[in-house]
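Thank you all for coming. I would like to take a few minutes to walk through one structure, and I will try to keep to what the coordinates can support.

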Amino acid sequence: MNPSWLTVFPDNLRDLLLKLPPSIFPALEEIRIREERPLEINTGGRYYFLTSDGEMTRNPNAAYKPSKQDGKRLLDLITNHSLYTMEEELRKGFITIAGGHRIGLAGRTLLSGGRVEHLRDISGFNVRIAREIKGIADPILPKLLDFKHKTVYHTLILSPPQQGKTTLIRDLARQISSGTWGHPEASWPGLKVAVIDERSEIAGSKRGVPGFDMGPRTDVMDGCPKAEGIMMMIRSMSPDVIIVDEIGRPEDAEALAEALHAGVRVIATAHGSSVDDLVARPALSRLAESSFFQMYAVIARTDKGLAFKLWDGKRRGIPAAVPGWRGREEHA
Amino acid sequence: MLKMFGAALVLLTATLAGWLKARQFAARPSQIRRLILALKRLETEIMYGFTPLPDALRRIGEQSGEPIRAIFVRAADHMSSAHPLTAQESLEQAVTKLWSYTAMKAPEQEVIRQLSITLGTSDRKDQLGHIATAVRQLESEESAAREEQARYEKMYRSLGLLCGAFIVILFY
């Protein structure tokens, strides 16, 4: 087993991680490297420090402390030896590597006119491991089908961070594009899907080609601001369904409204823990009040897998929430 | 007869040695010039092409003649292997291994070594500054090398022949 994210680690850290028990390894979510401070891993919602023998411990004093050299090497490898190609990423504070894994960075910022111009002296890394879980959308997709128009409803998926929103919409994109609706009466073929992947997280694209299986009829606009990307896709790629991650700015809402009038279905995600939260957010309240979305889903990760609750367009709860469900996990 | 043959051999060897030495003096400034051109191309790749360092080095290496080609391509290989080295280590190793095949000397090597420390580790503006410094240093080395060439190239060429003649006269 040698997943793609391991190749960005310098040899000594890689050897350390390979000593982890085989049961832990596939469930790794985060690896946190902080210069001169304990090496931390997160797995299944629990955290541990790693000793220099690769043992897991809760005692920070026994842990291996990555050196300045380790940090320098790691940065060199994740930037493909070319920090200068990552100026935009550094300004945003993270770098996406091959396989869709995202590495958060912490360091010292340089300001220019009150805005972050550059990040330097980078000493903290958070390697977030992306997982492709095929079939995670199986229980939810049949509920989102619009039988009258042979398509899907405008849907907003809500959850707090780290609950699997991105994993879910990745699988939704794949299934909508390949037409595996998971419903006996849904017999129409797959639809044209356009994914606006502002942070290269959904498709994990490298050089414009998706790293994950996005389905046969999916186009990905990689690294593109959402509002602009939505407009570009509508104008040029004639999508049936547009999928975007983490909307929240006023211009996003405008672009979504545009998509609605163009007759394109939209599946979007946003941070939040309930439908009522939406009204409190200025950029999203307009969307919520004008009942733009025909379906709201609030998802949460449980021990058994993904749990979700649905609301209709007028924010009335829909009963019969399906209990936890776990798809087939595949490692990138 | 044998003596004659020996004398001719000595003369030939000495001339050849002198000629080789002279050629080194002639090659050094032109190699430095090519190195400067390669660095300027790297500057463009970084500033306008946003090309990642391994790709940029490989591309520029393949466009340049030997021996610069070998050094750049070797460094790119080190960076993109299965167990990649850092940019600094890659360039340093390539320079250490392959420098003896060039006509360039220690000062030029030191310039590249200095550059390797910062190459790829900062933003574009900073990279540009470092490359410009390296180019300036190389330019001053180049002019020194040209002076040496003017002074010593001809001298070594005739010195080889003269040395050979001297030995032949001494032992004949």
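I will begin with the sheet in chain A, then turn to the contact between the chains, and end with chain B. Please keep in mind throughout that this is a predicted model, and that the values I quote are computed from it.

In chain A there is an open sheet of 7 strands, and if you go across it the order reads 4-3-2-1-7-6-5, with antiparallel pairing. Strand 4, residues 56-57, and strand 5, residues 94-96, stand at the edges of this sheet in chain A, and each has a single partner strand, so one side of each is left without a neighbour in the sheet. Looking at one of those edges in detail, strand 5 of chain A is paired with strand 6, residues 102-112, in the antiparallel sense, and the pairing runs over 3 bridges. In this pairing, Phe94(A) stands opposite Gly104(A), which belongs to strand 6 of chain A. Packed on the sheet is helix 2 of chain A, residues 68-78, which touches strand 1 (28-34), strand 5, strand 6 and strand 7 (115-128) of chain A, while its direction makes about 100 degrees with that of strand 7.

Next, the contact between the chains, to which chain A gives 12 residues and chain B gives 16 residues. Which element gives the most to the side of chain A that touches chain B? That is helix 2 of chain A, with 3 residues. Sorted by class, this side of chain A has 3 nonpolar, 5 polar and 4 charged residues.

From the side of chain B, I would point to helix 4, residues 87-98, whose 12 residues reach 16 Å from the first C-alpha to the last, close to the 16 Å expected at 1.5 Å a residue. The buried residues of helix 4 of chain B are Ala87(B), Gln88(B), Ser90(B), Leu91(B) and Ala94(B), and they pack against helix 2 of chain A as well as against helix 2 (53-63), helix 3 (68-79) and helix 5 (106-118) of chain B.

Finally, chain B as a whole has 6 helices and 0 strands. Its radius of gyration is 21 Å, well over the 16 Å that the globule rule gives for 172 residues, so chain B is more spread out than a compact globule. Its C-alpha trace spans about 70 × 35 × 25 Å along the principal axes, and buried residues make up 32% of the 172 residues in chain B. Of the contacts in chain B between residues at least 6 apart in sequence, 69% join residues at least 24 apart.

Methods:
Residues numbered from 1 in each chain as written. Chains lettered and ligands numbered in written order. Predicted model: local features only at pLDDT ≥ 70, side-chain atom pairs only at ≥ 80, totals over all residues. Pairing = 2+ DSSP bridges. Helix = DSSP H or I, 4+ residues; strand = E, 2+ residues; numbered from the N terminus. Contact = placed C-beta atoms within 7 Å. Axes fitted to C-alpha atoms, helices over the stretch in contact; angles between N-to-C directions. Nonpolar A, V, L, I, M, F, W, Y, C, P; charged D, E, K, R; others polar. Expected span 1.5 Å × (residues − 1). Buried ≥ 20, exposed ≤ 12 C-beta atoms within 10 Å, placed from the backbone. Rg over C-alpha atoms; globule rule 2.2 N^0.38 Å.
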